[in-house]
Amino acid sequence: MARQTFVIGTAGHVDHGKSTLVKALTGIDPDRLREEKEREMTIDLGFAWMTLPSGRRLSIVDVPGHERFIKNMLAGVGGFDAALLVVAADEGPMPQTREHVAILDLLEIRHGLVALTKSDLVEPDWLELVIVEVEELLRDTALAGVPIVPVSAVTGYGLDALVRVIDQVLDQVPPHARSGKPRLAIDRVFTVAGFGTVVTGTLRDGELEVGQEVEILPRGLRARVRGLQSHRTRVDRALPGSRTAVNLSGVEVEDLVRGDVLTVPGWLRPTMLLDARLRMLPDAPEPLEQNDEVDFFVGASETLARVTLLDAERLEPGMVGWVQLRLQEPVVAVRGDRFIIRRPSPSATLGGGIIIDTAPRRHRRF
Ligand code: GDP
């Protein structure tokens, strides 16, 4: 049976019209405080959702705030099916548009489209110029050649076309593997009256079932799945790739934080040392030096880390190298997971890459 639920993540410069567009598409205001929804027990899993013309159900993860963008993108990699890059036609690509595109590229997100919104504010000639600018921005990235659709969230122009294009983009997305063990990077933790502890995230790799025992890392807490919601529907089993809310018994909200990982007991071990292949962004603001301190993002978690460069004295922008990361806090990751590093202050994305070893030998460079 063809998969029916998909997740798309928005990206784009602040004020370029992401929330307004999501609201125009779905009727749901992603900025609305989630608490009011939780009280009704209608958990806004994807923050917003809609049914596409094909009958597919789509969750849209709209993430205001830059750090949240990175964490949600990372938590969703392998879970997000596609990216919806929003560019305001009157301004064209801006610094955060560029940084988001760079991050999507580091994460090797290959499926997506561009909504060229606020097109009601510009002349057709100008629109053509911005389209060329966006095409150039995406050239040489994993998103090169994706469709660019002019829309206006205010007049409604182009929204039907945008929805059809989303369906076409999702036609290309390969099915998620269902054979592995489930992993859910927890991106929200809250209580629902009468239900207790609920966590949400995008489920990766495997399935979760009501009644199943789970482990929450890095603290190693055991809990049981009391209930599941997937794309707003109560289910007995949650499938890989779905935005999932897990109602847990045996743990309190106070025991859990964003960035924790929910998985099967006894499988994964938290680590504070990782070997990785790192790609520096071509326009990183500075090279990476031995022992530099960086903000390290993997899954929905973030921690400070020191970098040991294993095959170079310094990594210039645009270079690729082997690194060992010594983390300040334990994280839960598996080989093949993608990560991002940022300079803590002033904050800027430096690069990212792929985790190769989660239990490496400690390098004695320092
Ligand atoms: P976000 O920060 O990317 O989520 O941006 P918002 O959705 O909050 O929009 C920023 C501003 O642009 C708001 O004042 C919106 O009313 C306005 N806006 C959004 N979409 C459009 C559009 O299609 N046309 C026009 N004229 N204004 C828009």
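**Group meeting: helix α4, a barrel and a ligand shell**

Let me begin just past helix α4, where Glu108 follows the helix with a positive phi near 55°; helices here are DSSP runs of H or I with at least four residues, strands are runs of E with at least two, and both are numbered from the N terminus. The model is a predicted one, in which local features need pLDDT of at least 70 and side-chain atom pairs count only at pLDDT 80 or more, while totals for chains, interfaces and linings use all residues. Residues are numbered from 1 along each chain as its sequence is written.

Overall, the protein has 6 helices and 24 strands, and buried residues make up 46% of its 366 residues, where buried means that 20 or more other C-beta atoms, placed from the backbone, lie within 10 Å of the residue's own.

Back to α4, which covers residues 95-106: its end C-alpha atoms are 17 Å apart, and this agrees with the 16 Å expected because its 12 residues count at 1.5 Å each, the expected span being 1.5 Å times one less than the number of residues. Among the buried residues of α4 are Thr97, His100, Ile103 and Leu106. The helix lies across β17, β23 and β24, running at about 10° to β24, with axes fitted as lines to C-alpha atoms, for helices over the stretch in contact, and angles taken from 0 to 180 degrees between N-to-C directions; contact means C-beta atoms, placed from the backbone, within 7 Å.

What do these strands belong to? They are part of a closed barrel of 6 strands, β17-β22-β20-β19-β23-β24, with antiparallel pairing, and neighbouring strands of this sheet are turned by 45° against each other on average, direction ignored. Strands count as paired if DSSP finds at least two bridges between them. Within the barrel, β17 pairs with β22 over 8 bridges, where Leu274 has Leu325 as its bridge partner, and β17 also pairs with β24 over 6 bridges, where Met280 stands opposite Gly351. On β22, a further antiparallel pairing of 5 bridges is made with β20, and there Ala305 is partnered with Leu327.

Finally, the ligand: 15 residues surround it, the closest being Gly17, Lys18, Ser19, Thr20 and Val154, where a residue is near if its C-beta atom, placed from the backbone, lies within 6 Å. Helix α1, residues 18-26, gives the most to this shell, with 3 residues.

Note on methods: A residue is buried if 20 or more other C-beta atoms lie within 10 Å of its own, exposed if 12 or fewer, and partly exposed in between; C-beta atoms are placed from the backbone. Two residues are in contact if their C-beta atoms, placed from the backbone, lie within 7 Å.
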